[in-house]
Amino acid sequence: MNVREEVIGVLSGVGFDAEELEDGRHLNRDLEIDSTELVEIVVALEQHFGIDISADAEGGFTTVGDLVACVTRLLPATAGRG
C-alpha cells in the first residue's frame with residue numbers, strides 16, 4: 001500500500017467516502033470539511049503514520065493532494081526514529 005492509499009484509508013476511517021477523495025478535491029468547497037474536522041483528520045494522520053504535522057502546515061491544506069504531499073514529505077524525516 002502506498003502513502004496515498006493509506007491517507008485515503010485514514011480519511012475513510014474518519015467518515016469520508018474513498019470514492020470522493022481524489023487528489024484535486026477541495027477540502028472545504030468539495031468535501032465540506034470544516035476546521036474542526038480538519039483537526040480530527042490531522043490527528044488521525046499523525047497517529048496512523050507516527051508523524052507530527054505543524055499547525056502552520058495544517059493551515060495550508062486545501063486539497064486531498066495537499067494532505068498526501070504533506071504526509072509523504074514528513075515520512076522520510078521521521079524514518080529511523082524509534
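# Tour: the α1–α2 packing and the salt bridges

Select valine 7 to begin; valine 7 sits in helix α1 (helices are DSSP runs of H or I, at least four residues, numbered from the N terminus). This is a predicted model, in which local features need pLDDT of at least 70 and side-chain atom pairs count only at pLDDT 80 or more, while totals for chains, interfaces and linings use all residues. Residues are numbered from 1 along each chain as its sequence is written, and side-chain values use heavy atoms, with hydrogens and water left out.

**Stop 1: valine 7.** Is valine 7 buried or exposed? Its relative accessibility is 0%, so valine 7 counts as buried (buried is under 20% relative accessible area, exposed over 50%, partly exposed in between, with a 1.4 Å probe and protein chains only). Show the residues around valine 7: apart from neighbours within four places in sequence, valine 7 is in contact with Leu45, Phe49, Leu67, Val68 and Val71 (contact means heavy atoms within 4.5 Å). Then draw a C-alpha to C-alpha distance from valine 7 to isoleucine 41: the two are 9.6 Å apart in space and 34 residues apart in sequence.

**Stop 2: valine 3.** Valine 3 is also in helix α1. Not counting residues up to four places away in sequence, valine 3 touches Phe49, Val68, Val71, Thr72 and Leu75. For a second distance, pick asparagine 28: its C-alpha lies 22 Å from that of valine 3, with the two positions 25 residues apart in sequence.

**Stop 3: the helix pair.** Select residues 3-13 for helix α1 and residues 35-49 for helix α2; the two pack at an angle of about 130 degrees, with their axes 10 Å apart (axes are lines fitted to C-alpha atoms, for helices over the stretch in contact, and angles run from 0 to 180 degrees between N-to-C directions). That angle is why α1 is oblique to α2 (under 35 degrees counts as roughly parallel, over 145 as roughly antiparallel, 65 to 115 as roughly perpendicular and the rest as oblique).

Which residues of α1 meet α2? They are Val3, Glu6, Val7, Val10 and Leu11, and on the α2 side Ile41, Ala44, Leu45, His48 and Phe49. The residues of this contact comprise eight nonpolar, one polar and one charged (Ala, Val, Leu, Ile, Met, Phe, Trp, Tyr, Cys and Pro count as nonpolar, Asp, Glu, Lys and Arg as charged, and the others, Gly among them, as polar).

**Stop 4: the salt bridges.** The structure has three salt bridges (a side-chain nitrogen of Lys or Arg within 4 Å of a carboxyl oxygen of Asp or Glu). Select aspartate 23 and arginine 4, whose closest N and O atoms are 2.9 Å apart in a salt bridge. This pair links distant parts of the chain, 19 residues apart: aspartate 23 is in the loop between α1 and α2, and arginine 4 is in helix α1. Aspartate 23 is partly exposed at 36% relative accessibility, and arginine 4 is partly exposed at 31%.

Go next to aspartate 30, which is partly exposed with a relative accessible area of 31%. Aspartate 30 forms a salt bridge with arginine 25, the closest N and O atoms being 3.8 Å apart. Arginine 25 is partly exposed at 22%. The side chain of aspartate 30 also meets that of arginine 29 in a salt bridge, 3.8 Å from N to O. Arginine 29 is exposed, with a relative accessible area of 60%. Through shared partners, these salt bridges join Arg25, Arg29 and Asp30 into one network.
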